Amino acid sequence: MSSQPGSMTDWDLVHRWEWFRRESWRQGFRTKIHGQGGGPARAFATMAHELDAKVLLDASCGLGRRTIYLAEKGVTILGSDISGVAVNHARELARDENAPVTFFRSAWNELPKNMPHHFDGILVTGLNLEPSWDHLGVALVGLYHALHSGGFLMFVGATEGEPPTGPADRVAADWNSQPPESVEWFVREGKITCSLVKLRYKAADYIDDRLLYVSEENGDARLESTTIRRPFYWTWSHWRDVTRMAGFCNLETRTFPGFGIDGGDLQINVAWKGKKNESASAEETVDAEKHQAAYVD
């Protein structure tokens, strides 16, 4: 299994070819993937230091680049990913970079049984790719149970105060920002060549990115493909409701001035397991347990 439950994406395929072209990103990857301002990784490290968080998790670590960056920022962090291919290469990259990071394979909903211990903070990207309310809820329940009481979950998604545009408007804005077809890269390594061609398809409330990997070795051509579906229907109110139903007692949008990829402000969501420095009320605990059982069942 190489996808989160409900996902249509073969992440093993994506990470296998991303690792194949590693010479194109290996040098300077710390800067390239975080942009001018440092992005979510810098915000996560900043919060961890502010809260004196002891052990953290990058729960969508991919090839480990962000996790290694965070470890070098002075935090104790582990990395997890649903893709076994990604985890194996992340371990290899960490060894090559002399980074003391442990990686393990797990889907978000399976973290409570797969993780070595609980965490003070978790960073996750890709929650907004979950296709349905139930898939989103089950993922958040797993992340909730992976945290210590009082821990925090940082994730990318619609933020508080965003203009209340509908899915059609958000789809149109994204669709107009990129061409419908593009060649993303071409790489030759030894006797193997590979090109990534991206084809985009638009629906009423989502965009599909169809990834075509066209490779050739010793004259034999091969085509492999997968699709990343990007929903545009999740709003702040959805995040507020589903995090509370999963057990989180507070959700807020935090602003980090200058942390954006382009050097502007970064806004990112933070959900708390138990209110900040407080335990959940009895009413909140009962409500959370009820909805967790509903998701799991």
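Q: How do the axes of H1 and helix H5 cross?
A: In this predicted model, the axes of H1 and helix H5 (residues 84-96) come within 7 Å and cross at roughly 30°. Axes here are lines fitted to C-alpha atoms, for helices over the stretch in contact, with angles from 0 to 180 degrees between N-to-C directions. Helices (H or I, at least four residues) and strands (E, at least two) are DSSP runs, numbered from the N terminus.

Q: Roughly parallel or antiparallel, then, for H1 and H5?
A: H1 and H5 are therefore roughly parallel to each other. Angles under 35 degrees count as roughly parallel, over 145 as roughly antiparallel, 65 to 115 as roughly perpendicular and the rest as oblique.

Q: Nice. Which residues of H1 and H5 make the contact?
A: From H1 there are Asp12, His15, Arg16 and Trp19, and from H5 Gly84, Val85, Ala86, His89, Glu92 and Leu93. Contact means heavy atoms within 4.5 Å. By class, the contact of H1 with H5 has 4 nonpolar, 3 polar and 3 charged residues. Ala, Val, Leu, Ile, Met, Phe, Trp, Tyr, Cys and Pro count as nonpolar, Asp, Glu, Lys and Arg as charged, and the others, Gly among them, as polar.

Q: Any ground rules on numbering and confidence?
A: Residues are numbered from 1 along each chain as its sequence is written. Local features need pLDDT of at least 70 and side-chain atom pairs 80 or more, totals for chains, interfaces and linings use all residues, and side-chain values use heavy atoms, leaving out hydrogens and water.

Q: On to the sheet: what is the strand order?
A: The open sheet of 4 strands runs E6-E7-E8-E9, with antiparallel pairing. Two strands pair if DSSP finds at least two bridges between them. Strand E6 (181-189) and strand E9 (220-231) are the edge strands, each pairing on one side only.

Q: How many bridges join E6 to E7?
A: E6 and E7 share 8 bridges, and Glu181 has Leu199 in E7 as its bridge partner. Their hairpin has 2 residues between the strands, and Gly190 takes a positive phi near 65°.

Q: And how many bridges for strand E7 and strand E8?
A: Strand E7 (residues 192-202) and strand E8 (residues 206-217) pair antiparallel over 11 bridges. One partnership matches Thr193 with Glu216 in E8.

Q: Which strands does Helix H1 lie across?
A: Helix H1 (residues 11-20) lies across E6, E7, E8 and E9, at about 120° to E9. Helix H8 (residues 167-175) lies across E7, E8 and E9, at about 145° to E7.
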